Amino acid sequence: YTDLQIFTLTTPPGQLVPIGALVNAGSAVNAGIEVEGNFALTDQTNLSLAYGFLDTEITDDVMVGTLNVNGNRFSRSPEHTLSLNVDHTQSLSADFDLGLHGSYRYTSDYFYNTENTAPGLVQATSIFDASAELISLNANWKVSVWGKNLTDEEYPTHIIVSANTGFARFAPPRTFGATLTWTY
């Protein structure tokens with residue numbers, strides 16, 4: 001990038017409340033690769049895989065508040081992401097199928113702030129979800145039971161950091177439920 005603009009929060013001298021500002025970050029590098037694959041392991045079992053690598057860096061001297069962010073990563077830019085999904089469908093009878101689904105998502109460390117400071121750091125996360133569904137083949141309904149964030153990982157989904165204030169919103173904890181779907 002040349003003449004990249006980044007959003008940051010800054011607290012002007014003598015102020016208590018931060019303000020949002022667009023800062024000219026000059027030049028920056030953003031390079032990466034994404035790979036996806038879908039595999040039919042059997043007639044009933046599918047595997048999908050996605051991997052992303054992202055290398056970002058601000059390459060000019062840019063002051064955000066009193067900190068020079070030259071060499072820092074872009075905000076909200078994890079270096080590695082990975083997702084793996086397994087779907088299996090099994091015939092139970094002429095009237096019903098059983099669907100099983102499992103998923104895993106990994107995100108490496110990243111920052112929510114351009115300053116790349118500890119208050120804006122999100123640690124690497126590994127999330128597991130699973131579900132099972134009973135599918136009616138002769139009617140228009142299915143019922144599923146599911147679990148999300150099965151390892152009860154605590155991680156933020158959004159962080160705002162400023163010199164004298166901030167907040168974080170967190171993902172839901174381990175959650176279980178059931179869903180009835182009727183198509184008409």
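Reader: What makes the residues listed around alanine 50 count as in contact with alanine 50?

Author: Contact here needs heavy atoms within 4.5 Å. Setting aside neighbours within four places in sequence, Val35, Glu36, Thr81, Leu82 and Ser83 are in contact with alanine 50 in this predicted model. There is also a C-alpha distance to look at: alanine 50 and glycine 37 are 13 residues apart along the chain, and their C-alpha atoms are separated by 6.5 Å.

Reader: Why is alanine 50 called partly exposed?

Author: Its relative accessibility is 23%. Buried means under 20% and exposed means over 50%, with partly exposed in between. So alanine 50, at 23%, goes into the partly exposed class. You'll find alanine 50 in strand E4, residues 45-58.

Reader: How do you know that E4 and E7 are paired?

Author: Two strands pair if there are at least two bridges between them. E4 and E7 (residues 80-91) are joined by 9 bridges, so they count as a pair, and they run antiparallel. As one bridge to click on, serine 48 has asparagine 85 in E7 as its partner.

Reader: And what makes E7 and E8 a pair?

Author: The test is again at least two bridges. E7 and E8 (residues 96-107) have 11 bridges in the antiparallel sense, so they pass. Two places to look: threonine 81 has threonine 107 in E8 as bridge partner, and asparagine 85 stands opposite serine 103 in E8. Asparagine 85 is also the partner of serine 48, which lets you step across from one strand pairing to the next. E7 and E8 are joined by a hairpin through 4 residues.

Reader: Which strand does E8 pair with through 12 bridges?

Author: That's E11, residues 125-136, and the two run antiparallel. Histidine 101 has serine 131 in E11 as its bridge partner. Serine 131 in turn stands opposite tryptophan 146 in E12.

Reader: How do you know that E11 and E12 pair as well?

Author: They share 6 bridges in the antiparallel sense, and the cut-off is at least two, so E11 and E12 (residues 141-148) count as paired. E11 and E12 form a hairpin with 4 residues between them. From E12 you can carry on to E15 (residues 175-182), with 8 bridges joining the two in an antiparallel arrangement. One of the partners to look for is tryptophan 182 in E15, opposite tryptophan 141.

Reader: Why is threonine 114 called buried?

Author: Its relative accessible area is 5%, and buried means under 20%, so threonine 114 qualifies. Threonine 114 is placed in the loop between strand E9 (110-111) and strand E10 (121-122). Leaving out residues up to four places away in sequence, threonine 114 touches Ile6, Phe7, Ile58, Val69, Asn72, Arg73 and Ser75.

Reader: Why is aspartate 3 called exposed?

Author: Exposed means over 50%, and aspartate 3 has a relative accessible area of 58%, so it earns the label. Aspartate 3 is in the segment before strand E1 (4-10).

Reader: What makes the phi of aspartate 3 worth a mention?

Author: Most residues other than glycine have a negative phi. Aspartate 3 is a residue other than glycine, yet its phi is positive, near 55 degrees. Arginine 76 is another case, with a positive phi of about 55 degrees although it is not a glycine. Arginine 76 is in the loop between strand E6 (67-68) and E7.

Reader: Stepping back, how many helices and strands does the protein chain have?

Author: There are 0 helices and 15 strands.

Reader: Why is the chain called more spread out than a compact globule?

Author: The globule rule gives 16 Å for 184 residues, and the radius of gyration is 22 Å, well over that, so the chain is more spread out than a compact globule. Along its principal axes the C-alpha trace spans about 70 × 35 × 30 Å. Buried residues make up 26% of the 184 residues.

Reader: How much of the contact set comes from residues 24 or more positions apart?

Author: Those account for 54% of the contacts with a separation of 6 or more.

Reader: What about the charged side chains?

Author: There are 7 positive and 19 negative side chains, with the centres of the two sets 9 Å apart.

Technical notes: Residues are numbered from 1 along each chain as its sequence is written. This is a predicted model: local features need pLDDT of at least 70, side-chain atom pairs count only at pLDDT 80 or more; totals for chains, interfaces and linings use all residues. Side-chain values use heavy atoms; hydrogens and water are left out. The radius of gyration is taken over C-alpha atoms; the globule rule is 2.2 Å times the number of residues to the power 0.38. Buried means under 20% relative accessible area, exposed over 50%, partly exposed in between (1.4 Å probe, protein chains only). Lys and Arg count as positive and Asp and Glu as negative; His and the chain ends are not counted. The place of a charge is taken as NZ of Lys, CZ of Arg, CG of Asp or CD of Glu.
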